[in-house]
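Good morning, and thank you for making time for this item. I should like to take you through one structure, beginning with its ligand shell.

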Amino acid sequence: MRIEIAGLTKTFRGGVAALDGLDLTVPTGMFGLLGANGAGKTTLMRILAGIARPTAGRVTVGGHDLATTAGRHAVQRGLGYLPQDLGVYPDLTARQFLDYVALLKGLDDPTVRRRRVGELLEVVALTGQANRRLRGFSGGMRQRVGIAQALLADPRLLIVDEPTAGLDPEERIRFRTLLSQFAGDRTVLLSTHIVDDIAQTCREVAVLSRGRLAFRGTVESLTREAAGRVWSLTTAGPPPPDGTVVSALPAAEGGMRYRIVAATAPGPTAQPLEPALEDGYLTVAAPERSALNA
Ligand SMILES: Nc1ncnc2c1ncn2[C@@H]1O[C@H](COP(=O)(O)OP(=O)(O)OP(=O)(O)O)[C@@H](O)[C@H]1O
């Protein structure tokens with residue numbers, strides 16, 4: 001299910017342009033969406049889910065135009081959405097909650113519904129906790145309930161907004177593996193701040209910056225954006241003012257060892273390094289600012 005976005009603009013009251021003439025094509029499979037806080041990721045996802053309306057521009061999902069009521073309904077029938085903050089009813093058990101959402105999604109036949117809920121509890125490895133109230137669930141368990149509710153109607157398009165924020169490493173890995181397994185010939189749009197989640201699951205990625213497309217391409221080509229721009233510099237003094245400090249570690253020989261993304265060597269003793277995805281992301285998303293020196 002291909003998503004075609006052209007000239008997409010969303011301006012909020014007060015003049016904030018959350019999206020500013022965005023052009024983007026999203027193919028079938030897992031697709032990553034990266035961007036700093038406020039870059040416009042959630043706004044884009046809400047528009048794709050039919051919850052928010054654009055100020056200008058055109059979006060089609062699987063050929064259906066989101067500007068029309070018929071188009072929105074067609075998209076919503078094949079859509080699963082896991083928002084940043086999924087409201088759950090704490091007094092319901094996982095099974096009751098999923099049953100309730102399934103009913104809202106039109107799974108009217110109780111036998112079909114029971115079977116589908118049971119299947120999904122199995123998929124997200126919560127069968128053993130199915131009859132516990134959601135109030136006692138950990139963040140990771142709640143996110144798994146969230147993904148189960150998003151998958152109830154077997155969507156062709158799954159939109160997930162920062163699903164791994166706040167999860168411990170084990171839960172994060174489990175969750176992103178689940179998404180990859182689900183993707184197959186469907187479209188999964190994964191928005192996150194966590195560059196590693198994209199590196200481990202997506203072939204292609206887009207980077208949003210201030211409502212515009214800063215990059216679109218393969219994960220490898222985003223990494224290559226930083227080729228020749230990543231440096232290691234050990235110094236007892238402060239980091240150089242130009243460039244973005246990616247990491248700072250105490251050096252064995254004293255002082256600090258900085259990993260720096262900068263167009264030119266940040267000092268005479270700087271050593272070139274192989275770029276990683278995070279370096280590529282910083283090159284396209286924040287070329288003008290340094291993490292430590294901003
Ligand atoms: N309902 C709203 N009213 C006014 N401004 C809004 C509204 N929703 C979002 N914005 C603004 O639009 C911009 C983009 O916000 P958005 O939530 O889409 O970014 P984001 O990339 O999802 O950020 P985050 O990673 O923090 O969730 C921000 O400047 C935000 O303050």
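**Ligand shell, sheet and domains**

Helix α1, residues 41-48, provides the largest share of the shell around the ligand, namely 3 residues. Please keep in mind that this is a predicted model. The residues around the ligand include Lys41, Thr42 and Thr43, together with Gly35, Asn37, Gly38, Ala39 and Gly40. Phe12, Val16 and Ala18 also belong to the residues around the ligand. By class, the shell comprises 4 nonpolar, 6 polar and 1 charged residues.

Where does α1 lie with respect to the strands? Helix α1 lies across β3, β7, β8 and β9, and runs at about 150° to β7.

Let me turn to the sheet. Its 6 strands form an open sheet with mixed pairing, in the order β6-β7-β8-β3-β9-β10. Because β6 and β10 stand at the edges with a single partner strand each, one side of each is left without a neighbour in the sheet. On average, neighbouring strands are turned by 15° against each other, direction ignored. Within the sheet, β3 and β9 pair in the parallel sense over 5 bridges, and Phe31 stands opposite Glu204 in β9.

Finally, the domains. The domain assignment gives domain 1 as 3-222 and domain 2 as 225-285. Their centres, taken over C-alpha atoms, are separated by 34 Å. The contact takes 11 residues from domain 1 and 7 residues from domain 2. On the domain 1 side, β3, α7, β9, β10 and α8 each supply at least two residues. That side has 9 nonpolar and 2 polar residues, and no charged residues.

Notes
Residues numbered from 1 in each chain as written. Predicted model: local features only at pLDDT ≥ 70, side-chain atom pairs only at ≥ 80, totals over all residues. Domains from an automatic or database assignment. Contact = placed C-beta atoms within 7 Å. Helix = DSSP H or I, 4+ residues; strand = E, 2+ residues; numbered from the N terminus. Nonpolar A, V, L, I, M, F, W, Y, C, P; charged D, E, K, R; others polar. Near = placed C-beta within 6 Å. Pairing = 2+ DSSP bridges. Axes fitted to C-alpha atoms, helices over the stretch in contact; angles between N-to-C directions.
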